[in-house]
Amino acid sequence: MSGFRRFIFYLVGFTILAFLLTALFYWLAPAYMISRVLFLIPLFYFLVVLISQFILYRLAAGNNQKFTQTFIAITVGRLLLYLAIVLVYSFLVRDDAVRFIISFFVFYFLFTVLEIGFMYRELHAGKN
């Protein structure tokens, strides 16, 4: 499970960087651009990505077919979770909805790039 430990190291470092950039944005941006829950979003993505990668490494270790099935199931589950959170928060807190949605999807993009980049390196390192 050394690949998972390495992923945790990258994820923790990236999350710390995300918090620092969030703090910088919070300090520099006008108040009307900042969501109430801005600092919770990186923590949320950290936990979701960590749990999903743990499940992926546990269930699909060494089995390519099972890896593909598990990866697709986790991706669909996470997408549904993300959509549910965006919809529920937007309906419950209408005055913060636009700021939240923009912040949520900026972090979605950043954490997805991290995850895909790491997985790409791991899969291609295994082929060499």
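Me: Which residues of α3 are buried, and what makes a residue count as buried?
Reply: In α3 the buried residues are Thr 70, Ile 74, Arg 78, Tyr 82, Val 86, Tyr 89 and Ser 90. The term means under 20% relative accessible area, with exposed meaning over 50% and partly exposed in between (1.4 Å probe, protein chains only). This is a predicted model, in which local features need pLDDT of at least 70 and side-chain atom pairs count only at pLDDT 80 or more, while totals for chains, interfaces and linings use all residues. Residues are numbered from 1 along each chain as its sequence is written, and side-chain values use heavy atoms, with hydrogens and water left out.

Me: Why is Ala 97 called buried?
Reply: Ala 97 has a relative accessible area of 11%; buried requires under 20%, so Ala 97 is buried. Ala 97 lies in helix α4. Between the C-alpha atoms of Ala 97 and Val 86 there are 8.3 Å in space, and the two are eleven residues apart in sequence. Val 86 is itself among the buried residues of α3.

Me: How do you know that the span of helix α3 agrees with what is expected?
Reply: The expected span is 1.5 Å times one less than the number of residues of the helix. For the 29 residues of α3 (residues 64-92) this gives 42 Å, and the end C-alpha atoms are 42 Å apart, so the two agree.

Me: What makes the span of α2 agree with its expected value?
Reply: Helix α2 (residues 40-59) has 20 residues, which should span 28 Å; its end C-alpha atoms are 29 Å apart, and this agrees. Buried residues of α2 include Ile 41, Pro 42, Tyr 45, Phe 46, Val 48 and Val 49.

Me: How many helices and strands does the chain have, and what counts as one?
Reply: The chain has four helices and zero strands. Both are DSSP runs, numbered from the N terminus: helices are H or I of at least four residues, and strands are E of at least two. The order from the N terminus is α-α-α-α.

Me: What share of the chain is buried?
Reply: Of the 128 residues in the chain, 33% are buried.

Me: Which element has the lowest mean pLDDT, and which the highest?
Reply: Helix α4 (residues 97-127) has the lowest mean, 89, and α2 the highest, 94. The score is the predictor's confidence in each residue, from 0 to 100. The chain averages 91, and 96% of the residues score at least 70.
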